[in-house]
Amino acid sequence: MESSELKRSKDSPNSDESAGLSSFPDEVLERVLSLLKSHRDRSFVSLVCKDWYNAERWSRTHVFIGNCYSVSPEIVARRFPNIRSVTLKGKPRFSDFNLVPQNWGADIHAWLVVFAAKYPFLEELRLKRMAISDESLALLAVAFPNFKALSLLSCDGFSTNGLAAIATNCKNLTELDIQENGIDDKGGSWLGCFPESFTSLEVLNFANLTSDINFDALERLVGRCKSMRVLKLNRSISLEQLQRLLVNAPQLAELGTGSFSQELTFRQYKELECTLSNRKNMHTLSGLWEAKGIYLPALYPACTNLTFLNLSYAALQSSELAKLLAHCPRLKRLWVLDTVQDKGLEAIGLNCPLLEELRVFPDDPFGEEIVHGVTEAGFVAVSYGCPRLHYVLYFCQQMTNAAVATVVQNCPDFTHFRLCIMNPGQPDYLTNEPMDEAFGAVVKTCTKLQRLSVSGLLTDLTFEYIGRYAKNLETLSVAFAGSSDWGMQCVLGGCPKLRKLEIRDCPFGNAALLSGLEKYESMRSLWMSACKVTMNGCRLLAREMPRLNVEVMKEDGSDDSQADKVYVYRSIAGPRRDAPPSVLTL
C-alpha cells in the first residue's frame, strides 16, 4: 500500500456520481475481490464507488507499506480494520552502504502498540530495514495470540534475547526468517526456548547468525516439526549435523547448509550423499560456506529439480561450478561470487538454458588487488546461452559498450538491469569512451525495464537516453555519473512511471532537484547524497511542495549551506516526530 492509495481513499468515492455502478450482490462482490491479489488492483477497485470502497476496505487482510513514514499506523488502522498481515519497509536503501545515520529512525515499536490495540488477530509481520528492539519483539510475542510469521530483513537493534521471546511465547509460529540483520548474537541457546510441545514451524532461517547453535535443541525442534519445508542454517552447522537434520526433515523444499568443509569419513560421506539423493522435491539450495570441492558431488543427486541456487557465500572455482551446474538443468535463479571467473560464467551459458536471474557478487569488494573476477566476456557468454534472462546484478572490474549491447540484444526482456563497474568513473576499457552507448542500448532494447542501476564513466547523454526510452522504469540508481543538471532533468521529465530515484556523488544541484516539483508526489522517494544541492534549494522544494517530507541529514563539520544527504518522500502523516538532531525536516 502506498500513501497515494490512502490519500485517494481518505474520503470514500462520491456515491451520487457512482450510483448504479455497484449493483452486485455482496456475495458476488466478495468473490470478485477474493480473486484480486495485486495491491494496486485492489486500490483501483476501491475507487469505483462507495460500495466497492467499503467492500475492499473490510475484506483487505494484507497491507504493504513501502515507506514507514509515508503514513501513520493510526491511519492504516482506520482505513483497514481487518488486517492479518503487514509488510513494512523503513530506512532508505543507501543505509546498506552506511550512508544513513545509525539512529535515523524507522522504529517499529509505535506501530506494534497500535497494532496490539487494533489488530489483536495479526498473524504475519515482514520488516525490511526497520529498527526493532528486544522490547518490541517481547511485545510482539505476547500481544498477538495467533501470530504465525515473522520475517526480518536488514533490520537492526535486537538480539537473540528477542528471538528467545518469540520462541517462548508464539505457540502457533510457522515462520521465523532472520536475514542479513544487524543482530547482537548472544549465543544459540534461544533455539531451546521453543516448548517441547511446539510442532508448527514450517520455515526457519538463521543463516546469518554467527554464534554456535544449541544443536541438540535444533535437532529436537526439526524432528518435532513434521511440516518443515524451509531450513537455512548458519555456518556453525557441520556436514555430519546437516545429515542428521535432513533425516528428520523429509519435506524440505529449501535448504541452506552450514559449513561444507568438515573432514568426513567415507561412511559419513556416503550417508550424506544417500540422504541428499532422496531430496527430489528440493528446489532451493544455499549456504555451502567454505565449500570443499571434494564434497560437492554429494549434492549432485539433489540438484535435479533445483530452480534457485544461491552460492553467494561459497567461493567456488570455475571447474567446481561447471560440474555442479551440469546437474541443474531446471535452474532459473543463480547467485555466485566472482571467484568463478569468466570460465564459470561460460558454464552457466552452457548448462542453464532456463535461467531468468543472475547475480554475480564480488568476493572481496574492498580488495586493493583483484586477483580474480569477471569481465565482459563472461557476461556475453551467459547472454548467448540464457535467452530468458531478465534480471541481472553484475559486479565487475571492466566492461565495454559493445558487450552490453550484445547482452541486451541476446536478452531483450530485461526487467532489472543492475551493472556495477567497481571502479567509479571507469570508461569502456577498450575504446576509453564513456559508457553512454551501453546504457543507451539497454533502455532502447529492453522496453520492459523496471529497475536500472548505472555505473562507469557516464555523461548526460546516458540520462537523455533514459528519459527518452525508459517509459516503464520504476527505480533508477546512479552513482559517480553525469555532467550537469540536465541529466537529472531528462530523467524526471521523461520517465512517467518512476517511483524511486537514488543518486550519490553526482554533479546534480538545485536546478536538477527542483525540476521534479510535478513528479515527486507520484514517486515513493528521492535520495541525493554528495551532490551539489544546497539548503536553500531544499527549503524552496519544501515550501513549494508542502505535502512532501524533505529531510536533510547533516554531518559534523559540514558546510551549513550544503545539503549533504537529502531524502524526499510523500507522506499523508506529515513530518515525522522521531527525527534525531542530525536530520533536519524542512
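Modeller: Let's start with the labels: helices are DSSP runs of H or I with at least four residues, strands are runs of E with at least two, and both are numbered from the N terminus. This is a predicted model, so to speak from the record: local features need pLDDT of at least 70, side-chain atom pairs count only at pLDDT 80 or more, and totals for chains, interfaces and linings use all residues. Residues are numbered from 1 along each chain as its sequence is written, and side-chain values use heavy atoms, with hydrogens and water left out.

Biologist: Good. How many aromatic pairs does the structure hold?

Modeller: A pair of aromatic rings is described by the distance of the centres and the angle of the planes. Here, rings of Phe, Tyr and Trp (its six-membered ring) pair if their centres lie within 6.5 Å; planes under 30 degrees apart are stacked, over 60 edge-to-face, and the rest tilted. The structure holds 21 such pairs. Take Trp111 and Phe115: their planes are at 65° and their centres 5.9 Å apart, so this pair is edge-to-face. Both sit in helix α7, 4 residues apart, which is about one turn of the helix.

Biologist: Are Trp111 and Phe115 buried or exposed?

Modeller: Both are buried, meaning under 20% relative accessible area, while exposed is over 50% and partly exposed lies in between (1.4 Å probe, protein chains only). Now a tilted case: Trp527 and Tyr567, 6.3 Å centre to centre with 55° between the planes. That pair links distant parts of the chain, with Trp527 in strand β20 (residues 525–529) and Tyr567 in strand β22 (residues 565–570), 40 residues apart. Trp527 is buried at 2% relative accessibility, and Tyr567 is buried too, at 5%.

Biologist: Which residues do ring pairs link into a cluster?

Modeller: Tyr69, Phe94, Phe97, Trp104, Trp527, Tyr567 and Tyr569. The charged end of Arg93 also sits over the ring of Phe94, 5.4 Å from its centre. For that, NZ of Lys or CZ of Arg must be within 6 Å of the ring centre and within 35 degrees of the ring normal. Arg84 does likewise over the face of Phe121, at 4.4 Å from the ring centre.

Biologist: On to empty space. What lines the second largest pocket?

Modeller: Rolling a probe the size of a water molecule over the atoms shows where empty space is left. A pocket is an open set of points on a 1 Å grid over the protein atoms alone, with protein on both sides within 12 Å along at least five of seven lines; a cavity is a set where a 1.4 Å probe fits but cannot get out, and lining residues have an atom within 4 Å of a point. The second largest pocket is lined by 17 residues, of which Tyr69, Ser72, Pro73, Ala110 and Arg577 lie nearest its centre. Helix α7 (109–118) is one of the elements supplying at least two lining residues, and α7 gives the most, with 3.

Biologist: Last one: what is odd about the phi of Ser154?

Modeller: Most residues other than glycine have a negative phi. Ser154 has a positive phi of about 55°, in the loop between β4 (149–153) and β5 (156–159). Asn432 is a further case, with phi near 65°; its loop runs between β16 (416–421) and α17 (436–445), and Asn432 counts as exposed at 58% relative accessibility.
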